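Me: I would like to learn how to read a structural model one feature at a time. Could you take me through this one, giving the general idea before each case?

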Amino acid sequence: MALDRLTQQLAAAFSDRRIFLVGGSLRDRMLGRATHDLDLATDARPDEIRRRVAPWADAVWTVGEKFGTIGLLKYGVKAEITTFRRDAYDGESRHPEVTFGDDILADLQRRDFTINALAENLHTGELLDPFDGRADLQRRLVRFVGEPKLRIAEDPLRMLRAVRFCAQLGFSLEPESGAAIARGAGELARISWERIRDELDGILLSERPADGLRLLIDLSLARHVMPELLDLRLPQPERHHLKDVLDHTLDAVSFTPPDKALRYAALLHDIAKPETFTRDERGIHFYRHEELGAEKARAILARLRQPAALIEQVIRLIRHHLRIPFYSSEWSLSAVRRLMYDLGDQLDNAIALAEADVKASDPSDWPEFQARLAELRSRIAEVGEAAELAHMKPLLNGNEVMDLLNIPPGPRVGEVLRFLLDRQIAGEITTREQAVEAVKREFKG
Ligand code: ATP
Ligand code: MG
């Protein structure tokens, strides 16, 4: 297969150099998990790596050259080859100074966890395992290489990486490593939001996102990553009395397929329940938590430096997250069309979110909800033009409206355009002629 062919080719290209398979690709292969990319370490310096692979690789990239890394593509497989490194940390700024080394053992020593600090000699097949990483793979433990407190001080992001590997691999934290993280959690304040975001994305998209989130909370990391989660320890309405809002939220996340917008929406769909909580003789309510939640989610995701397009998708899902659970047969076809317009390209995600939300609330509602959802699905299919509806625009533009009604630019134009779009979404107006007619009828005189 492609991975083996590339490995052989690399061994040949570096026949008079030392070269090792390292990092995630070796770890995942030893776990019997699918690996897509190769990580390699060599004593060759970056410019030499480049010279050795350029003649035969399909693509070569050098953006990481300063840090010792050359990337390449061959047989559809990506490989990153990095010169052995040794870190020298000055105790003051704690910023690592990366220097190149000649020693694979020193290179492994600067890696974060024992399961990531294995190396396989590409020439001999010999496995180097100076920190007992293989035993930790068997025990399914994430354990720092060296003194946990020191390794956290060097780079506090490692605390989040530890949680991510637990969530991705289904591993536990080795107790001493876990205790050091709980004590050092505050050091996350030194880490950029961009780096935090990438690890949180990894946790959310992992196989066990709820376990990862629970770890973040238990280790006090959530206090820095997303303190809003801690306020979700609130009672739910009577029916759901088994779980608080936080447990419900984590269940909802775990019931969603691994799509980024969907998982963030599940995580944040009830985020405004704390501030909308009211109680009266009829019970507990969270009026308009979906609207306030969408705005809160916007602020949280912007803080995490998430891309604008993702933020829009997530808040769309949150703002409308109650509509599908409350679908009923009495809805008109134009109400179904309105739902499709409002959700746009997030319609499928919204259905998945509704399923997760119901499943995570009261499982006894599930059969009845499934029946209603099947009906909604068939009505959506009946409408058909989902993509068209998602991108629907008024059939007339502002100039045409002004000409038609002989009015100047102003708020009235917007009002007419909104009216038009509304009728189009409802399916009452489908042609330009009908649009002209309707505008004249409604607004002329
Ligand atoms: P993934 O499957 O997510 O890519 P990975 O283990 O390959 O997992 P990377 O972030 O790609 O993780 O890093 C590659 C290797 O570099 C790691 O296995 C680890 O040995 C080392 N490494 C990465 N980040 C750090 C860090 N912050 N501190 C120490 N070592 C690190
Ligand atoms: Mg990797």
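**Reading burial, cores and a ligand shell**

Reply: Let us begin with a single side chain. Arg263 has a relative accessible area of 5% and is therefore buried, the cut-off for that word being under 20%. Please keep in mind throughout that this is a predicted model.

Me: Where does Arg263 sit, and which residues is it in contact with, leaving aside its neighbours within four places in sequence?

Reply: Arg263 is found in helix 13, and, once its neighbours within four places in sequence are left aside, its contacts are Leu204, Leu205, Ser206, Pro209, Val253, Thr256, Pro257 and Pro258. A polar atom of the Arg263 side chain lies 2.8 Å from the backbone oxygen of Leu204. Pro209, one of the residues in contact with Arg263, is 54 residues away from it along the chain, with a separation of 8.8 Å between the two C-alpha atoms.

Me: Which residues of helix 12 are buried, and what covers them?

Reply: For a whole helix, one counts the buried residues and then asks what lies over them. In helix 12, which runs over residues 245-254, seven of the 10 residues are buried, so the helix is largely enclosed by the rest of the structure. Those buried residues are Val245, Leu246, His248, Thr249, Leu250, Ala252 and Val253, and what covers them includes helix 9 (193-204), helix 10 (209-218), helix 13 (260-268), helix 14 (273-276) and helix 18 (347-361). When reading such a pattern, recall that an α-helix has 3.6 residues a turn, so residues three or four places apart point the same way. The N-terminal end of helix 12 is capped by Asp244, a side-chain oxygen of which lies 3.2 Å from the backbone nitrogen of Leu246.

Me: Is Lys296 buried or exposed?

Reply: A residue's class follows from its relative accessibility, and Lys296, at 18%, counts as buried because the cut-off is under 20%. Lys296 has its place in helix 15 (residues 289-303) and, leaving aside neighbours within four places in sequence, is in contact with Glu228, Ile271, Ala272 and Glu275.

Me: And how should I read Leu3, given its 12% relative accessibility?

Reply: By the cut-off of under 20%, that value makes Leu3 buried, and its place is in helix 1 (residues 2-13). Beyond the neighbours within four places in sequence, Leu3 is in contact with Thr35, His36, Leu38 and Val77. Sequence separation can also be set beside distance in space: Leu3 and Asp280 are 277 residues apart in sequence and 63 Å apart in space, C-alpha to C-alpha.

Me: How many residues does the largest nonpolar core have?

Reply: A core is read as a network, by its extent and by the members with the most contacts inside it. The largest nonpolar core here has 109 residues, and those with the most contacts inside it are Leu10, Leu221 and Ile324. Helix 7 (residues 157-169) provides the largest share of this core, nine residues. Leu221, with its neighbours within four places in sequence left aside, is in contact with Met159, Leu160, Val163, Ile181, Ala185, Leu188 and Leu216. A second, separate core has 14 residues, including Val401, Val416, Ala435 and Ala438.

Me: Which residues are the closest to ligand 1, and what classes does its shell contain?

Reply: One reads a ligand shell by its members, its chemical classes and its polar contacts. Ligand 1 is surrounded by 13 residues, of which the closest are Arg27, Asp155, Arg158, Arg161 and Arg164; by class, the shell has nine charged, three polar and one nonpolar residues. Helix 2 (23-30) and helix 7 each supply at least two residues of the shell, and helix 7 gives the largest share, four residues.

Me: Which atoms of ligand 1 and Asp155 come together, and what distances go with Arg27 and Arg111?

Reply: A nitrogen atom of ligand 1 lies 2.9 Å from a polar side-chain atom of Asp155. An oxygen atom of ligand 1 is 2.7 Å from an N or O atom in the side chain of Arg27, and for the side chain of Arg111 the corresponding distance from an oxygen atom of ligand 1 is 3.0 Å. The protein covers 70% of the 580 Å² of accessible area that ligand 1 has on its own.

Notes. Residues are numbered from 1 along each chain as its sequence is written. Chains are lettered from A and ligands numbered from 1 in the order in which they are written. This is a predicted model: local features need pLDDT of at least 70, side-chain atom pairs count only at pLDDT 80 or more; totals for chains, interfaces and linings use all residues. Side-chain values use heavy atoms; hydrogens and water are left out. Buried means under 20% relative accessible area, exposed over 50%, partly exposed in between (1.4 Å probe, protein chains only). Contact means heavy atoms within 4.5 Å. A nonpolar core is a set of buried Ala, Val, Leu, Ile, Met, Phe, Trp, Tyr and Cys residues joined through side-chain atoms within 4.5 Å. A residue is near a molecule or strand if one of its heavy atoms lies within 4 Å of it. A polar contact is a pair of N or O atoms within 3.5 Å; within protein, one must be able to donate a hydrogen and the other to accept it, and residues adjacent in sequence count only if both atoms are side-chain atoms. Accessible areas come from the Shrake-Rupley method with a 1.4 Å probe; for residues, only the protein chains shown count as cover. Ala, Val, Leu, Ile, Met, Phe, Trp, Tyr, Cys and Pro count as nonpolar, Asp, Glu, Lys and Arg as charged, and the others, Gly among them, as polar.
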